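Colleague: I would like a close look at a single part of this model. Please set it out in one connected account, and give the cut-offs behind each term as it arises.

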Amino acid sequence: MSRDSEAEIVNVSRRRMLIGTTAAMGAVGVVAALTPFVESWNPSARARADSAPVSQDISALEAGQMIVIEWQKKPIYVVRRTDDMLYNLSINDPILRDPESTESKQPDYAKNEYRSRDPHILVMVAVCTHLGCAPNYRPEIGVPELSTDWVGGFFCACHGSKYDLAGRVFQDVPAPRNMEIPKHKLVGNILTIGEDA
Ligand code: FES
């Protein structure tokens, strides 16, 4: 493992401690590539202290990449999904617990097949609905240890729950619900979390 990768794991572990979770962060390479971008953003003290909306310019977020934004002391995953990722979402429907998200938390505008306002931009509260760990981002195709049919998603290392790239939970795992979609809006490249009007 490179020194850069080790440093990133340390950074991620520190962030995990802040939010009180225990899972290891996935997609280290992806996150590492974006670390300067994320770290350069300093939300106001007020935004850190309370539930004020937070905004982020996501113009540097490339297709397939994920960044983590803290909001209300919770990690918010933001993924710029590719066309292939969107196409593959429907493949999972038969093996999902709640493919229509009827029992899950999301704003009305995100209650659709992509669970988002802009299909390419996933904005999700990265808290496993079992016991609250932060699932790993696993965008790869065909990960044998997860499933031979794996087409990308999130894996919670705490107790093995699996979610697709819309945060929809698989059947036969401990997590009972899809992960939450927070209210958000996107104006140009400025993403605001916690506000949608
Ligand atoms: S906290 Fe995620 S599976 Fe238990």
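Modeller: The second largest cavity has a volume of about 30 Å³, and the search of the whole structure finds two cavities of 30 Å³ or more. On a 1 Å grid over the protein atoms alone, a cavity is a set of points where a 1.4 Å probe fits but cannot get out, and lining residues have an atom within 4 Å of a point. Points are joined across faces, edges and corners, and the volume is the space filled by probe spheres set on them. The model is predicted, so to speak of local features requires pLDDT of at least 70 and of side-chain atom pairs pLDDT 80 or more, while totals for chains, interfaces and linings use all residues. Residues are numbered from 1 along each chain as its sequence is written, and side-chain values use heavy atoms, with hydrogens and water left out.

The lining of this second largest cavity consists of Arg 117, Asp 118, Ile 121, Val 123, His 184, Leu 186 and Leu 191. Two elements, β4 and β8 (184-187), each give two or more residues to that lining; helices (H or I, at least four residues) and strands (E, at least two) are DSSP runs, numbered from the N terminus. By class, the second largest cavity is lined by four nonpolar, one polar and two charged residues. In this scheme Ala, Val, Leu, Ile, Met, Phe, Trp, Tyr, Cys and Pro are nonpolar, Asp, Glu, Lys and Arg charged, and the others, Gly among them, polar.

Arg 117, one of the lining residues of the second largest cavity, also lies over the face of Tyr 109, at 3.9 Å from the ring centre. A charge sits over a ring if NZ of Lys or CZ of Arg is within 6 Å of the centre and within 35 degrees of the ring normal.

The fold provides the setting. The protein has four helices and nine strands, and along the sequence these follow the pattern α-α-α-β-β-β-α-β-β-β-β-β-β. Of the 197 residues, 49% are buried, where buried means under 20% relative accessible area, exposed over 50% and partly exposed in between (1.4 Å probe, protein chains only).

Strand β4 (121-125), which contributes to the lining of the second largest cavity, precedes the loop that leads to β5 and holds Cys 133. Cys 133 forms a disulfide with Cys 158, their sulfur atoms 2.0 Å apart (the cut-off is 2.5 Å). This is the one disulfide found in the whole structure, and at -95 degrees about the S-S bond the link is left-handed. Cys 158 lies in the loop between β6 and β7 (162-164), 25 residues from Cys 133. The accessibility of the two partners can be set side by side: Cys 133 is buried at 7%, whereas Cys 158 is partly exposed at 26%. Two further cysteines are buried, Cys 128 at 4% relative accessibility and Cys 156 at 2%.

The strands β5 and β6 are themselves joined by an aromatic contact. Tyr 137 in β5 (residues 136-138) pairs with Phe 154 in β6 (residues 153-155), so the pair ties together parts that are 17 residues apart in sequence. The pair is tilted, with 5.6 Å centre to centre and 35 degrees between the planes. Rings of Phe, Tyr and Trp (its six-membered ring) pair if their centres lie within 6.5 Å; planes under 30 degrees apart are stacked, over 60 edge-to-face and the rest tilted. Three aromatic pairs are counted by this rule, and Tyr 137 and Phe 154 join Tyr 77 in one aromatic cluster. Tyr 137 is buried at 0% relative accessible area, and Phe 154 is buried, likewise at 0%. In the loop between β5 and β6 lies Leu 146, which is buried at 8%. The C-alpha atoms of Leu 146 and Gly 160, 14 residues apart along the chain, are separated by 9.0 Å.

The loop between β7 and β8, the latter a contributor to the second largest cavity, contains Asp 172. Asp 172 has a positive phi of about 60 degrees although it is not a glycine, and it is exposed at 78% relative accessibility. Gln 72, in the loop between β2 (66-71) and β3 (74-80), has a positive phi of about 50 degrees and is not a glycine either. Gln 72 is partly exposed at 33%.

Key: 1 Å grid on protein atoms, 1.4 Å probe; cavity = no way out; pocket = protein on both sides within 12 Å on 5 of 7 lines; lining within 4 Å.
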